[in-house]
Amino acid sequence: MTDTRPGPIGPAKAGPWGAVGDPAPSLARARTPARGAVEDENPGQNLIWALVSTALLAGLLWWLMGWVYALAGIVGLLVHEYGHVLAMNRLGMGPARIFIIPFLGGAARGARGAASEWIGVLVSLAGPAFGLIAALPFFAVWAATADPVWLQGAWFVAIINLLNLAPAPPLDGSKALGPVLARIHPLLEKAALLGVGAFVVLWGLQNGAYILAIFLALGVLSHLRRGAWRPDTAPLSWSQAGASLGLFLVTGAACAAVGLTAMALYTGDGLGAALTTSGRFLGLAS
């Protein structure tokens with residue numbers, strides 16, 4: 001497979017990158033351990049295993065889609081997860097760590113759970129929003145070299161972050177939009193998350209993204225088995241729910257804009273061609 005155009009295998013092959021781990025139990029948050037004790041509770045991933053996991057993920061992407069996707073995938077993953085880490089540390093969940101999952105992607109985990117659903121929403125959206133920064137070096141190298149292969153990398157970074165906003169457990173979108181839906185009615189959250197989750201699993205199976213499909217199917221099943229969906233934290237107020245929805249839509253629009261810009265520059269045929277080409281590679285258009 002050449003690197004002169006986006007590969008036919010959807011970017012979701014790389015896995016649901018950036019999914020934030022479930023918050024810690026409320027009892028654990030109620031205690032305020034010394035700083036050293038908190039550090040011990042979240043020591044981070046073993047360096048050797050982190051390097052091996054990163055190499056496995058990069059190798060899978062290279063084999064399936066080409067070197068530029070492997071590079072964009074790893075850079076995009078690390079920047080995305082660092083966005084979660086920054087938000088966690090800033091909002092009282094730190095110290096946070098990045099964990100690389102072989103063949104799937106990564107996750108950010110804090111030493112404490114979110115103190116409120118509003119904080120959880122902000123942490124969830126921080127990954128996709130901050131992750132778009134990873135597209136900048138690819139645009140820069142394209143501008144310097146005029147080699148369109150770098151636009152594929154910028155497009156892939158945007159798609160990674162956009163797909164993470166899908167409201168399907170355990171992706172970031174489920175943790176950003178779920179509390180908003182639950183504020184309206186708990187059953188609405190359950191119906192939407194499970195419905196979207198089932199759709200994404202079916203999409204993965206139809207497009208050959210079997211790793212993603214299995215991962216999301218396990219996420220949906222884990223949600224079905226939970227006795228309580230909402231963490232034991234302060235729920236969103238109506239004003240926070242409105243702000244959360246607005247931030248979710250703005251973040252999604254930013255991801256789409258970056259991706260379509262990269263694809264439009266790549267095809268040279270404008271927004272219509274960028275939409276069609278992106279949809280074709282995502283299995284959403286023929």
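This passage looks at the nonpolar cores, the aromatic pairs and one helix contact in the structure above. The model is a predicted one.

In soluble globular proteins, nonpolar side chains tend to be buried together. Here, the largest nonpolar core takes in 27 residues, and the members that touch the most others are Phe138, Trp155 and Phe156. Quite a list of helices chips in: at least two residues each come from α3 (47-65), α4 (67-90), α6 (136-145), α7 (149-163), α11 (238-267) and α12 (270-281). The top contributor is α7, which hands over nine residues. There is also a second core, separate from this one, made of 14 residues, with Val121, Leu132, Ala158 and Leu181 among them.

Next come the aromatic rings, where the count of pairs comes to four. One of these pairs brings together Tyr69 and Phe156 in an edge-to-face arrangement, with the ring centres 5.1 Å apart and 70° between the planes. The two partners sit 87 residues apart in the chain, Tyr69 in helix α4 and Phe156 in helix α7, so the pair links distant parts of the chain. Tyr69 and Phe156 are both buried.

Another pair joins Phe138 and Trp150, and this one is tilted: the planes make an angle of 40°, and the centres are 6.0 Å from each other. Again the pair ties together distant parts of the chain, with Phe138 in helix α6 and Trp150 in helix α7, 12 residues apart. Are these two rings buried or exposed? Phe138 counts as buried because its relative accessibility is just 3%, where the cut-off is under 20%. Trp150 has a relative accessible area of 17%, so Trp150 is buried as well. Phe138 and Trp150 also belong to an aromatic cluster, together with Trp67.

Finally, there is the packing of two helices, α8 (residues 172-184) and α9 (residues 186-206). Their axes lie 6 Å apart, and the helices pack at an angle of about 140°. On the α8 side, the contact is made by Ser174, Gly178, Pro179, Leu181, Ala182 and Ile184. Helix α9 answers with Pro186, Leu188, Glu189, Ala192 and Leu193. Sorted by class, the residues in this contact are eight nonpolar, two polar and one charged. Leu181 of α8, one of the residues in this contact, is also a member of the second core.

How values were computed:
Residues are numbered from 1 along each chain as its sequence is written. This is a predicted model: local features need pLDDT of at least 70, side-chain atom pairs count only at pLDDT 80 or more; totals for chains, interfaces and linings use all residues. Side-chain values use heavy atoms; hydrogens and water are left out. A nonpolar core is a set of buried Ala, Val, Leu, Ile, Met, Phe, Trp, Tyr and Cys residues joined through side-chain atoms within 4.5 Å. Buried means under 20% relative accessible area, exposed over 50%, partly exposed in between (1.4 Å probe, protein chains only). Helices (H or I, at least four residues) and strands (E, at least two) are DSSP runs, numbered from the N terminus. Axes are lines fitted to C-alpha atoms, for helices over the stretch in contact, and angles run from 0 to 180 degrees between N-to-C directions. Contact means heavy atoms within 4.5 Å. Ala, Val, Leu, Ile, Met, Phe, Trp, Tyr, Cys and Pro count as nonpolar, Asp, Glu, Lys and Arg as charged, and the others, Gly among them, as polar. Rings of Phe, Tyr and Trp (its six-membered ring) pair if their centres lie within 6.5 Å; planes under 30 degrees apart count as stacked, over 60 as edge-to-face and the rest as tilted.
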